Amino acid sequence: MGIYELLLMDNDVREMALKNTDSNKIKQTAIAKGMRTLRDDGAAKVLAGITTIEEVMMVTAEDKQ
């Protein structure tokens, strides 16, 4: 079972990318618009009983928000 993070390219994110905006700022903007991070997706799968907290923590980096 995988955990996933998908960044949808809307006008705001596209504009930031074209301006070479820091990737953390782009990620913060995407999260504010509803993007689910790897840890968020992992947490949902923990709650669904699909995986464990330890597994999610082992395979993801801490989100820098």
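Partly exposed is the label for a residue whose relative accessible area falls between the buried range, under 20%, and the exposed range, over 50%. Keep those cut-offs in mind for the close-ups, and remember that this is a predicted model.

**View 1. The whole chain is an all-helix affair, with 4 helices and 0 strands.** Walk along the sequence and you'll meet the pattern α-α-α-α. The C-alpha trace spans about 40 × 20 × 15 Å along its principal axes. For a compact globule of 65 residues you'd expect a radius of gyration near 11 Å, but this chain comes in at 13 Å. Of the 65 residues, 18% count as buried. The accessible surface adds up to about 4,900 Å², and carbon and sulfur atoms own 54% of that. As for contacts between residues at least 6 apart in sequence, 53% of them join residues at least 24 apart.

**View 2. Lys33 and Asp10 pair up in a salt bridge.** Side chains of opposite charge can pair when their charged atoms come close. Here the closest N and O atoms of Lys33 and Asp10 are 3.1 Å apart. This pair links distant parts of the chain: Lys33 sits in the loop between α2 (23-32) and α3 (38-47), while Asp10 belongs to the segment before α1 (11-18), with their positions 23 residues apart. How exposed is Lys33? Its relative accessible area is 45%, so Lys33 is partly exposed. Asp10 is partly exposed too, at 27%. There's also a third player, Asp12, which joins Asp10 and Lys33 in a network of salt bridges.

**View 3. Glu15 and Lys19 meet in a salt bridge of their own.** The N-to-O distance for this pair is 3.9 Å. Glu15 has a relative accessible area of 41%, which makes it partly exposed. Its partner Lys19 reaches 58%, and because the exposed range is over 50%, Lys19 counts as exposed.

**View 4. Arg36 and Asp41 form a salt bridge with a buried member.** The distance from N to O is 3.7 Å. Which partner is buried, Arg36 or Asp41? Asp41 is, because its relative accessibility is 7% and buried means under 20%. Arg36, at 43%, counts as partly exposed. If you're keeping score for the whole model, the count comes to 6 salt bridges. The chain carries 9 positive and 11 negative charges, and the mean positions of the two groups are 4 Å apart.

**View 5. Asn20 has a positive phi, although it's not a glycine.** Its phi angle is about 55 degrees. Where does Asn20 lie? You'll find Asn20 in the loop between α1 and α2. With a relative accessibility of 69%, Asn20 counts as exposed.

**View 6. Met1 touches Lys45 and Ile50.** Met1 lies in the segment before α1. Leave aside its neighbours within four places in sequence, and the contacts of Met1 are Lys45 and Ile50. Met1 and Lys45 are 44 residues apart along the chain, yet their C-alpha atoms are separated by 9.3 Å. Is Met1 buried or exposed? Despite those contacts, Met1 counts as exposed, at 80% relative accessibility.

Methods:
Residues numbered from 1 in each chain as written. Predicted model: local features only at pLDDT ≥ 70, side-chain atom pairs only at ≥ 80, totals over all residues. Heavy atoms only, no water. Helix = DSSP H or I, 4+ residues; strand = E, 2+ residues; numbered from the N terminus. Rg over C-alpha atoms; globule rule 2.2 N^0.38 Å. Buried < 20%, exposed > 50% of the residue type's maximum accessible area, 1.4 Å probe, protein only. Contact = heavy atoms within 4.5 Å. Areas by Shrake-Rupley, 256 points an atom, 1.4 Å probe, with all protein chains shown as cover. Lys, Arg positive; Asp, Glu negative; His and termini not counted. Charge placed at Lys NZ, Arg CZ, Asp CG, Glu CD. Salt bridge = Lys/Arg side-chain N within 4 Å of Asp/Glu carboxyl O.
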